[in-house]
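Here are my quick notes on this one, in the order I'd go through them. Have a look at the model first, then read on.

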Amino acid sequence: MNAAVELNHEEVLRVKLEVLKREHRDLDDAIAAMHDRGTSDELAMKRLKKRKLALKDEISRIEDELTPDIIA
């Protein structure tokens, strides 16, 4: 029996948000490890940092979409 689970838009966004946050933490760890090892590959470091920043922007966008607008 194939029980297909259909997620609504908010649930999909929440799952995507968790995946992006995990990737962001993994990049943090990778950057720290490169720094601790004294790896001099500046290009690789810049690419990781650029990807991390892009993830942060995407995380912020999704969080904004999930946060209801509050009219004060």
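1. Surface first, and keep in mind that this is a predicted model. The chain exposes about 6100 Å², and 54% of that area comes from carbon and sulfur atoms. As for burial, 17% of the 72 residues count as buried.

2. On to the overall build. You'll find two helices in the chain and zero strands. The radius of gyration comes out at 17 Å, well over the 11 Å the globule rule gives for 72 residues, so the chain is more spread out than a compact globule. Its C-alpha trace spans about 50 × 50 × 15 Å along the principal axes.

3. Which helix do the buried residues of α1 pack against? They pack against α2, residues 42-66. The buried set in α1 consists of L13, L17, L20, H24, L27, I31 and M34, so to speak the list to click through if you want to look at that packing.

4. Contacts across the sequence: take those in the chain with a separation of 6 or more, and 72% of them are between residues 24 or more positions apart.

5. Now α1 itself. This helix covers residues 9-37, 29 residues in total. From first C-alpha to last it reaches 42 Å, close to the 42 Å expected at 1.5 Å a residue.

6. Both ends of α1 deserve a glance. At the N-terminal end, N8 acts as the cap, with a side-chain oxygen 3.0 Å from the backbone nitrogen of E10. Following α1 comes G38, which has a positive phi, near 75°.

Key:
Residues numbered from 1 in each chain as written. Predicted model: local features only at pLDDT ≥ 70, side-chain atom pairs only at ≥ 80, totals over all residues. Heavy atoms only, no water. Helix = DSSP H or I, 4+ residues; strand = E, 2+ residues; numbered from the N terminus. Expected span 1.5 Å × (residues − 1). Buried < 20%, exposed > 50% of the residue type's maximum accessible area, 1.4 Å probe, protein only. Contact = heavy atoms within 4.5 Å. Polar contact = N/O pair within 3.5 Å; in protein donor to acceptor, adjacent residues only side chain to side chain. Rg over C-alpha atoms; globule rule 2.2 N^0.38 Å. Areas by Shrake-Rupley, 256 points an atom, 1.4 Å probe, with all protein chains shown as cover.
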